[in-house]
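Open your viewer, get the sequence panel ready, and let's take a walk together. Each stop tells you what to select and what you will find there.

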Amino acid sequence: MAKKQKITCYELFTRMEGKETILLRTCDLSSLKRKYNALRAGQAFCRIRRDGQELPIIMADKLCNPKSSNNIIFTEGEKA
């Protein structure tokens, strides 16, 4: 039998005064990149969760860098 591939899902959210607001839930990395970069260009402070785990800001920036490919560019356990 073929091995099942796990689909990576993302959440884009903001956190203000202890309250989280989810802006986007998707499994499509290109739509996540577009929305994240649009918000960052507008000076919004947004965060990303990948499969329920919040990414540090530097990893989110690397993930959504327009020059990066659609592949995940970091491995599990990598620290910023």
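The tour goes from the whole chain to single residues and ends with a word on confidence.

**Before you click**

This is a predicted model, in which local features need pLDDT of at least 70, side-chain atom pairs count only at pLDDT 80 or more, and totals for chains, interfaces and linings use all residues. Residues are numbered from 1 along each chain as its sequence is written, and side-chain values use heavy atoms, with hydrogens and water left out.

**Stop 1: the whole chain**

Show the chain as a cartoon. You should find 2 helices and 4 strands; here helices (H or I, at least four residues) and strands (E, at least two) are DSSP runs, numbered from the N terminus. Followed along the sequence, their order is β-β-α-β-β-α.

Now switch on the surface. The accessible surface of the chain is about 6,000 Å², and carbon and sulfur atoms hold 53% of it. Such areas come from the Shrake-Rupley method with a 1.4 Å probe, and for residues only the protein chains shown count as cover. Of the 80 residues, 28% count as buried. Buried means under 20% relative accessible area, exposed means over 50%, and partly exposed is in between (1.4 Å probe, protein chains only).

**Stop 2: the first hairpin**

Select strand 1 (10–16) and strand 2 (residues 19–26). How do strand 1 and strand 2 run, and how many bridges join them? They run antiparallel, with 7 bridges between them; two strands pair if DSSP finds at least two bridges between them. To see one pair of partners, pick R15, which stands opposite E20 in strand 2.

Next, click on E17, in the loop between strand 1 and strand 2. This hairpin has 2 residues between its strands. E17 has a positive phi of about 55 degrees, although it is not a glycine. E17 counts as exposed, because its relative accessibility is 87%.

Stay with the hairpin and pick I22, in strand 2. Is I22 buried or partly exposed? It counts as partly exposed, at 37% relative accessibility. Leaving out residues up to four places away in sequence, I22 touches E11, L12 and F13; a contact means heavy atoms within 4.5 Å. Add I48 to the selection: I22 and I48 are 26 residues apart in sequence, and their C-alpha atoms are 9.6 Å apart in space.

**Stop 3: the cysteines**

Select C9 and C27 and show their side chains. They form a disulfide, with sulfur atoms 2.4 Å apart; a disulfide is a pair of cysteine sulfur atoms within 2.5 Å. C9 lies in the segment before strand 1 and C27 in the loop between strand 2 and helix 1 (29–41), so the pair ties together parts that are 18 residues apart in sequence. The torsion about the S-S bond is about 60 degrees, which means that this disulfide is right-handed. C9 is partly exposed at 32%, and C27 is partly exposed at 42%.

Now select C46 and C64. Why is there no bond from the sulfur of C46 to that of C64? The two sulfurs are 8.1 Å apart, too far for a bond. C46 is buried, with a relative accessible area of 5%, and C64 is buried too, at 0%.

**Stop 4: the core**

Keep C46 and C64 selected and add Y10, L12, L29, L32, Y36, I48, L55, M59, A60 and L63: together they make up the largest nonpolar core, with 12 residues. A nonpolar core is a set of buried Ala, Val, Leu, Ile, Met, Phe, Trp, Tyr and Cys residues joined through side-chain atoms within 4.5 Å. Strand 1, helix 1 and helix 2 (57–63) each supply at least two residues of this core.

Pick A60 in this group. Aside from neighbours within four places in sequence, A60 is in contact with Y36, I48 and L55.

**Stop 5: a second loop**

Move to D51, in the loop between strand 3 (47–50) and strand 4 (53–54). D51 is a residue other than glycine with a positive phi, near 50 degrees. D51 is partly exposed, with a relative accessible area of 39%.

**Last stop: confidence**

Colour the chain by pLDDT, the predictor's confidence in each residue, from 0 to 100. The mean for the chain is 83, and 82% of its residues reach 70 or more. Then select residues 70–74, where pLDDT stays under 50. Where pLDDT is low, the predicted coordinates should not be read in detail.
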